[in-house]
Amino acid sequence: MTIWTAVFLMVILSYIEADDYCYNEPYCDPYAWGDFFHSCHPLLEEHHSPIDLDLHMSRNTSLDALQLEGFEEVQGGHWTLENDGHSVVLLVGSGMSVSGGGLPGLYHTLQLHFHWGSPATNGSEHTLDSRRYPMEMHIVSMKSIHPNVSAALDDPTGLAVLGFFIDVVYADNVHFNYISQKLSTVAHKGQVSKIKPFALMSLLPKHNLSQYYRYHGSLTTPPCSQAVVWTVYEVPIYISWTQLAQFTSQIFSTEEDAEQVTPLQNNYRHIHPKFSRVVSASRDARVLLATAGRPVSPSVVLGLFHVCLLGLLTLVP
Ligand SMILES: *[C@@H]1O[C@H](CO)[C@@H](O)[C@H](O)[C@H]1NC(C)=O
Ligand SMILES: *[C@@H]1O[C@H](CO)[C@@H](O)[C@H](O)[C@H]1NC(C)=O
Ligand SMILES: *[C@@H]1O[C@H](CO)[C@@H](O)[C@H](O)[C@H]1NC(C)=O
Ligand SMILES: *[C@@H]1O[C@H](CO)[C@@H](O)[C@H](O)[C@H]1NC(C)=O
Ligand SMILES: [Zn+2]
């Protein structure tokens, strides 16, 4: 009897573990995600995210600013802020969409969420010429022809994610208080809090939204589906050190972590090789002008080679 109870418990526990990924324990961190979510394995020639946005970009002059419908308006009803154990997610109702800028269709905006580091480390997911920013915000939208997210994940361009780097200055960003001041209400996994809608545009950089990079990649969290058209903006959002600290100190991913006051930190996935992918710079992007013609360093090439080898090794069962 007790043996069967133990076996039963083990099955339950391994099920829970398989279902729950993490960022900080070797058995469930991003390098282990592929053990439970096969589509997270970094196979050769696959299109994973995030990547380093290096100098090997080609300008595509047809990539102009995206249309951000409803971002200027204050939506009705209420929005929901949630701690899902991996990030803080703001569900934004149904009044907003993105299109244009070379996107293959209209995408309805579903949610936005954040990736961050710690007081001592930066935590953006993408890096820009190897620089990691303190945080990154993702605005996730789903192609309007799909009835649900699982259908969108089967389409290589099913989701459009807008990525914004977040950098830190001394002055508060008053618009960011809509979110950062509510973080303490969702400290624990599963906690949900109502938020009064605000104009999403107020979170974004005021100018320079026609400067961005475009590539095809994946979700950066399990199941890592290769279904995302990425738009990563060149100009960051600025928040204060105090606002950054609210993210790195107040959110807990498990009850044990909360009891031990170990907040969720460094919730970003590692950089993946681009392989044969083209990364495009929008018509107005400036990075190429600033740094055009710099040769790629041998250490970058070697680094990629190592990543490829590691990728092959993890394929061996
Ligand atoms: C430029 O972007 C457009 C829209 O995404 C795409 O259709 C076209 O193939 C791209 N051109 C090049 C040269 O990559
Ligand atoms: C981390 O972010 C700070 C602030 O933007 C920046 O000065 C620093 O270079 C970044 N560090 C790395 C390793 O990219
Ligand atoms: C999602 O939509 C697809 C296509 O219409 C449908 O087959 C599937 O059952 C839906 N899945 C869920 C979870 O609703
Ligand atoms: C933002 O756009 C303006 C006008 O095009 C340009 O002068 C400025 O250099 C851009 N800023 C950055 C940081 O790229
Ligand atoms: Zn994300």
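**Notes on β11 and two ligand shells**

1. Asp167 stands opposite Tyr238, a residue of β15. This is a predicted model, so read that pairing, and what follows, as part of a prediction. Strand β15 covers residues 237-240, and its link to β11 runs parallel through four bridges.

2. Staying with β11, there is a second parallel partner to look at: β14 (residues 228-233), joined to β11 by five bridges. For a spot to check here, take Leu162, whose bridge partner in β14 is Thr231.

3. Then comes an antiparallel partner. Strand β10 (residues 135-143) meets β11 through eight bridges, and His138 sits opposite Gly163 of β11.

4. How enclosed is β11 by the rest of the structure? Largely, because eight of the 11 residues in the strand, which spans 159-169, are buried.

5. Now over to Met57, found in the loop that links β1 (52-53) to β2 (58-59). Met57 counts as partly exposed because it has 18 C-beta neighbours inside 10 Å, and the buried class starts at 20. Have a look at Ala281 too: its C-alpha atom is 6.1 Å from that of Met57, although 224 residues separate the two along the chain.

6. On to the ligands. Around ligand 1 you'll find Asn60, Ser62, Leu63, Gly102 and Ser280. That shell has four polar residues, one nonpolar and no charged ones.

7. Ligand 3 has Pro147, Asn148, Ser150 and Ala151 around it. Here the split is two nonpolar and two polar, again with no charged residue.

Note on methods. Residues numbered from 1 in each chain as written. Chains lettered and ligands numbered in written order. Predicted model: local features only at pLDDT ≥ 70, side-chain atom pairs only at ≥ 80, totals over all residues. Near = placed C-beta within 6 Å. Nonpolar A, V, L, I, M, F, W, Y, C, P; charged D, E, K, R; others polar. Helix = DSSP H or I, 4+ residues; strand = E, 2+ residues; numbered from the N terminus. Buried ≥ 20, exposed ≤ 12 C-beta atoms within 10 Å, placed from the backbone. Pairing = 2+ DSSP bridges.
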